[in-house]
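Grab a coffee and open the viewer next to this page. Below are some short exercises, each with a solution worked out in steps.

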Amino acid sequence: MKLLLHTCCAPCSVYCIDTLRKEGIEPVLYWYNPNIHPYIEYKARRDCLKEYAKSINVQAIFEEEYGLDEFCKNVCNNLKSRCVNYCYPVRLRKTFEYAKKNGYDTVSTTLLYSIYQNHEFIKSYMEKLSEEFGIAFLYRDFREGFWKGHEKAKELELYMQKYCGCIFSEEDRYQKKIDKDMNISRHSIIIIQNKKNEYLQYFDKEWQSYLFLNCKLPNGKDSNAIISRIEDLLRIRKDNIEVKYCDSRKHKKFSQSAKKEKEYIHYFYKVELLEELENNEFKINGVNYKWFSYKELLQDKRIQEVNSDIVQFVKEIYV
Ligand code: SF4
């Protein structure tokens, strides 16, 4: 077997190379990662792999491309889907192209090692490329050895990156710290309406008020997390919950807990429950819930004191 192993960095390669060598397979490493930014980070990861490959006597090919401009141009229209729309495809396709031109009969990737990557997408995309190029795809679930490889990489004092690669993943990695530093609080607001056009509120003991269901998500838009939150709170099965992300609003207000003015970013989700909650008032898990018409939300003194901004946003978005 002549195996070309797309390699994203030295730490991820440790377990993959060890496993393959135990099976009697000698990989050739292929570095092509124009998704790593900024340049200092690109250089640190590349140079670490160069040294590591030399130290364990494995052949490595370095396809150099520091691609910040090209990367940003290709992902900026849809940042949330950047991994599957551009980042994985561009790197894996190039690996197959190189393999084809240079007589390799098998391709694999260290991306199959990370527990943080979209494993299923990578696997199925590699299978497609394998068919297209007529080159075998060697699949291994290298995630099995994630912590073992991680420990060994630390012992070897390899350069350990703090984020996936692109500048957007750096922001994701530090989002909580950035928010704290900038005094920003992010909340997802869950708008559940029944057939009578009433809005579901829960009674919040800290605020002593009825509020829309909500949760904190580091990066806002995440419908799956909202579904899990509703399932958890209202004991409704996932397949009976339909969630649609609608819009976001930014504003400043006084924080009761922090005792200072903070910037709030609210992400609004419209939710349809296929299983009706019929009673006007009910209790689940010790929490009181109640349906309010929009007029009632406006007339409730306490809701207006603590939550009039959200009620207003809901009007702009839905009513
Ligand atoms: S998060 Fe990682 S996989 Fe996704 S686009 Fe950025 S570098 Fe690529």
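Which residue in S10 does isoleucine 192 stand opposite? One thing before we start: this is a predicted model.

**Exercise 1. Place isoleucine 192 in its surroundings.**

Step 1. Isoleucine 192 stands opposite valine 271 in S10.

Step 2. Now look at the two strands as a pair. Strand S6 (residues 184-192) and S10 run parallel and are joined by nine bridges.

Step 3. S6 has another partner, strand S8 (residues 209-215), and here the pairing is antiparallel, with three bridges. One contact point to find on screen is serine 188, whose bridge partner in S8 is cysteine 215.

**Exercise 2. Work out the strand order of the sheet that holds S6, and find its edges.**

Step 1. Seven strands make up an open sheet, and they come in the order S9-S10-S6-S8-S7-S12-S11. The pairing is mixed.

Step 2. S9 and strand S11 (281-284) are the edge strands, each pairing on one side only.

Step 3. From one strand to the next, the twist averages 45°.

Step 4. Next, add the helices. Helix H8 (residues 223-234) packs on the sheet and touches S6, S8, S9, S10 and S11, with its direction at about 90° to that of S9. Helix H10 (residues 301-317) also packs on the sheet, touching S6, S8, S9 and S10, and its direction makes about 50° with that of S8.

**Exercise 3. Describe how S9 and S10 are connected.**

Step 1. Strand S9 (residues 241-255) and strand S10 (residues 260-273) run antiparallel, joined by 14 bridges.

Step 2. Check two of the residue pairs. In S10, tyrosine 264 is the bridge partner of histidine 251, and histidine 266 is the bridge partner of arginine 249.

Step 3. Now follow the chain around the turn. S9 and S10 form a hairpin with four residues between them, and lysine 259 in that turn has a positive phi of about 55°.

**Exercise 4. Where does H10 bend, and which of its residues are buried?**

Step 1. Start with the span: H10 has 17 residues and reaches 22 Å from its first C-alpha to its last, close to the 24 Å expected at 1.5 Å a residue.

Step 2. The bend sits at asparagine 307 and comes to about 90°.

Step 3. The buried residues of H10 are Ile303, Asn307, Ile310, Phe313 and Val314. Their cover includes S6, S8, S9, S10 and helix H9 (294-299).

**Exercise 5. Move to the five-stranded sheet and explain what sets its edge strands apart.**

Step 1. Five strands form this open sheet, ordered S3-S2-S1-S4-S5, with parallel pairing.

Step 2. Strand S3 (60-62) and strand S5 (136-137) stand at the edges with a single partner strand each, so one side of each has no neighbour in the sheet.

Step 3. Take one of these edges: two bridges join S5 to strand S4 (residues 106-109), and the two run parallel. Threonine 106 stands opposite alanine 136 in S5.

Step 4. Over at S3, helix H2 (residues 39-55) lies across strand S2 (27-31) and S3, running at about 155° to S3.

**Exercise 6. Describe H4 from its span to its burial.**

Step 1. Helix H4 (residues 82-101) has 20 residues, and its first and last C-alpha atoms are 28 Å apart, close to the 28 Å expected at 1.5 Å a residue.

Step 2. H4 bends by about 35° at proline 89. After the helix comes glycine 103, with a positive phi near 75°.

Step 3. Buried residues in H4 include Cys83, Cys87, Tyr88, Leu92 and Phe96. Among the elements covering the buried residues of H4 are strand S1 (3-6), S2, S4 and helix H5 (119-133).

**Exercise 7. Is histidine 119 buried or partly exposed, and why?**

Step 1. Find histidine 119 in helix H5.

Step 2. Count its neighbours: there are 16 C-beta neighbours inside 10 Å. A residue needs 20 or more to be buried, and 12 or fewer to be exposed. Histidine 119 therefore counts as partly exposed.

Step 3. Leaving aside neighbours within four places in sequence, histidine 119 is in contact with Leu112 and Arg143.

Step 4. Finally, zoom out. The chain is divided into domain 1 (3-172) and domain 2 (183-317), and their centres, taken over C-alpha atoms, are separated by 41 Å. The C-alpha atoms of histidine 119 and serine 308 are 44 Å apart.

Notes. Residues numbered from 1 in each chain as written. Predicted model: local features only at pLDDT ≥ 70, side-chain atom pairs only at ≥ 80, totals over all residues. Pairing = 2+ DSSP bridges. Contact = placed C-beta atoms within 7 Å. Axes fitted to C-alpha atoms, helices over the stretch in contact; angles between N-to-C directions. Expected span 1.5 Å × (residues − 1). Bend = angle between axes of the 7 residues up to and from the residue. Domains from an automatic or database assignment.
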